[in-house]
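Trainee: Before we discuss the labels used for this chain, could we have the sequence and the model side by side?

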Amino acid sequence: MTQATPSSAQIRLQTAVGAGVVLLALGLAAGAVSIPSAAGYGGVGPNFLPWMISAALLICGVLIVREARTGGFRSLEAPTDAVHGNWPGFAWVSAGLLANAALITTIGFIFSCTLCFVLAVQGLRGAEGRADRRPVAWLKDVLIGIAISAPVYWTFTKFLAINLPGLTSTGWL
């Protein structure tokens, strides 16, 4: 893995990406201003999540701009000069997204998002030439997928009182 030294044009583009993220954050914050802040059933108002996301985006955008202006993305790998994309990886990721959309109301949010994660990770690893089809790797990906999707599901259903499709009617799966 070789690291590329960014050119001045790349630094300008990287700065533009950071500025775009900052503008996106400011636009989201402007939209959050118009959302009422009265606390709902879940204890937080409907503008809580847009404010949190806009704050996180603003921090990320500022850090991207700072990184770009102080020498560019120094840990960025050199381009591979690949002529075409990785079609098998694209197929894996697409299958994950389509399976998620098709199965979310049948097997619930947690398991459909876990399946999406597992298939996407397989595709992305394969695109990097690091495909690992061993059962232990699949199990690890499933556990990580559940560890990511379950807290998201519980945050939306338990704290924000937003209904997401579940496997059971208890609200925990």
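**Helix 3 and its surroundings**

Mentor: Let us start with Ile110, which is found in helix 3, where helices (H or I, at least four residues) are DSSP runs numbered from the N terminus. This is a predicted model, in which local features need pLDDT of at least 70, side-chain atom pairs count only at pLDDT 80 or more, and totals for chains, interfaces and linings use all residues. Residues are numbered from 1 along each chain as its sequence is written, and side-chain values use heavy atoms, with hydrogens and water left out.

Trainee: Why is Ile110 called buried?

Mentor: Buried means under 20% relative accessible area, exposed over 50%, and partly exposed in between (1.4 Å probe, protein chains only). Ile110 has a relative accessible area of 3%, so Ile110 is called buried.

Trainee: How do you know that helix 3 is not straight from end to end?

Mentor: The expected span of a helix is 1.5 Å times one less than its number of residues. Helix 3 (residues 87-127) has 41 residues, and a straight helix would reach 60 Å, yet its end C-alpha atoms are only 8 Å apart. Helix 3 also bends by about 135 degrees at Ile107, the bend being the angle between axes fitted to the seven residues ending there and the seven starting there.

Trainee: What follows helix 3?

Mentor: Helix 3 is followed by Gly129, whose phi is positive, near 80 degrees.

Trainee: How many helices and strands are there in the protein chain?

Mentor: The protein chain has four helices and zero strands, giving the pattern α-α-α-α along the sequence.

Definitions and conventions:
Helices (H or I, at least four residues) and strands (E, at least two) are DSSP runs, numbered from the N terminus.
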